[in-house]
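User: Please take a close look at the nonpolar core of this protein. I would like to know what builds it, and what lies around the elements that supply it.

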Amino acid sequence: MPSNIADELYQAVLGGLVDAQEGVGFDYVHPDEKLDYPMARGLVAAAESRYKRSPSSVIRAERNATWLCEHADRDDDGVIGWGLPFEWNTNIQGVTYSAHQETTITTAICIDGLLTAYEHLDEHSEYLNTAVAAAETFIDCECYSEYDDELCFWYTAAGEAPSDTINSHAYLVGQLQRLTSYSIGTSRKRLFSDVADRGVRYL
């Protein structure tokens, strides 16, 4: 796709966002209620910090990455991570999860947004620290199935209904690999690397 067309599409998306409310919008589960979605915040933080098309892009990137740090435990359970802003049911396993229950895919996307912002913006150690803490959540709670020297992360950080989910698993494994490139301490690097290697073998 020619870059000018891509730029036009990108600007059209940005044009549909409200400053300081980039994560606020509708979901098909709640089509009549505007809610704040961490996943959207992560995507905006990643895109705007990477491309920085204007000074407002940097402001938008910082605002959304900072929002993720400040709202990393929205259900006040002491666990760092992000999920959906409403109660939801898996439909398959019959389990109902509370609003803000940490999910693998949302957390992986938010980690991606924080790390991309950390790489492209200056002096924001809290972005890296929060990303590390979120990654540790899914390792510390052992939210995965083990198969010999392989493992697969479940869809959520809750153990009520373990469910191997490939797309969210792959995204989180990629972020664990990425985290090993930062100065996060030797033991933590080794842990993330070992877990990521087992996750890759599952794929």
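Analyst: A nonpolar core here is a set of buried Ala, Val, Leu, Ile, Met, Phe, Trp, Tyr and Cys residues, joined through side-chain atoms within 4.5 Å. Buried means under 20% relative accessible area. Keep in mind that this is a predicted model. The mean pLDDT of the chain is 90, and 95% of its residues reach 70 or more.

Start with the core itself. The largest one holds 38 residues. Seven of them touch the most other members: Trp82, Ile111, Leu114, Phe153, Leu176, Leu179 and Phe192. In soluble globular proteins, nonpolar side chains tend to be buried together.

Now the suppliers. Two or more residues each come from helix 3 (55-70), helix 4, helix 5 (125-140), strand 6 (150-153), helix 6 (166-179) and helix 7. Helix 5 is the top contributor, with eight residues. Phe153 falls in strand 6, while Leu176 and Leu179 fall in helix 6. Helix 7 spans residues 186-202 and has the highest mean pLDDT among the elements of the chain, 97. Phe192 lies within that span.

Next, follow strand 6 outward. Strand 6 pairs with strand 5 (residues 144-147) in the antiparallel sense, over four bridges. Across this pairing, Ser145 stands opposite Cys152. The two strands form a hairpin with two residues between them. Asp148 sits in that loop. Its phi is positive, about 55°, although Asp148 is not a glycine. Asp148 counts as exposed because its relative accessibility is 79%, and exposed means over 50%.

Asp76 makes a useful companion case. This residue is in the loop between helix 3, a core supplier, and strand 3. Asp76 also has a positive phi near 55° without being a glycine. At a relative accessible area of 69%, Asp76 is exposed.

Helix 4 leads to another feature. Ile111 and Leu114 of the core lie in helix 4 (104-120). Helix 4 also gives two or more residues to the lining of the largest pocket, as do strand 1, helix 2 (38-51) and strand 3 (88-89). About 340 Å³ of space lies in this pocket. Its lining has 18 residues, and those nearest the centre are Asp27, Tyr28, Val29, Leu84 and Phe86. By type, the lining divides into 11 nonpolar, five polar and two charged residues.

One caution applies on this side. Among the elements of the chain, strand 3 has the lowest mean pLDDT, 78. Where pLDDT is low, the predicted coordinates should not be read in detail.

The pocket also brings in the N-terminal strands. Strand 1 (residues 24-27) and strand 2 (residues 30-36) run antiparallel, joined by three bridges. One such pairing puts Val24 with Asp36. A two-residue hairpin links strand 1 to strand 2. Strand 2 includes His30, which is partly exposed at a relative accessible area of 24%. His30 and Phe86 are 56 residues apart in sequence, yet 8.6 Å apart in space, C-alpha to C-alpha. Phe86 is one of the residues nearest the pocket centre.

To put it together: helix 5 gives the most residues to the core. Strand 6 contributes to the core and pairs with strand 5. Helix 4 supplies both the core and the pocket lining.

Key:
Residues numbered from 1 in each chain as written. Predicted model: local features only at pLDDT ≥ 70, side-chain atom pairs only at ≥ 80, totals over all residues. Heavy atoms only, no water. Pairing = 2+ DSSP bridges. 1 Å grid on protein atoms, 1.4 Å probe; cavity = no way out; pocket = protein on both sides within 12 Å on 5 of 7 lines; lining within 4 Å. Points joined across faces, edges and corners; volume = space filled by probe spheres on them. Nonpolar A, V, L, I, M, F, W, Y, C, P; charged D, E, K, R; others polar. pLDDT = per-residue confidence, 0-100. Buried < 20%, exposed > 50% of the residue type's maximum accessible area, 1.4 Å probe, protein only.
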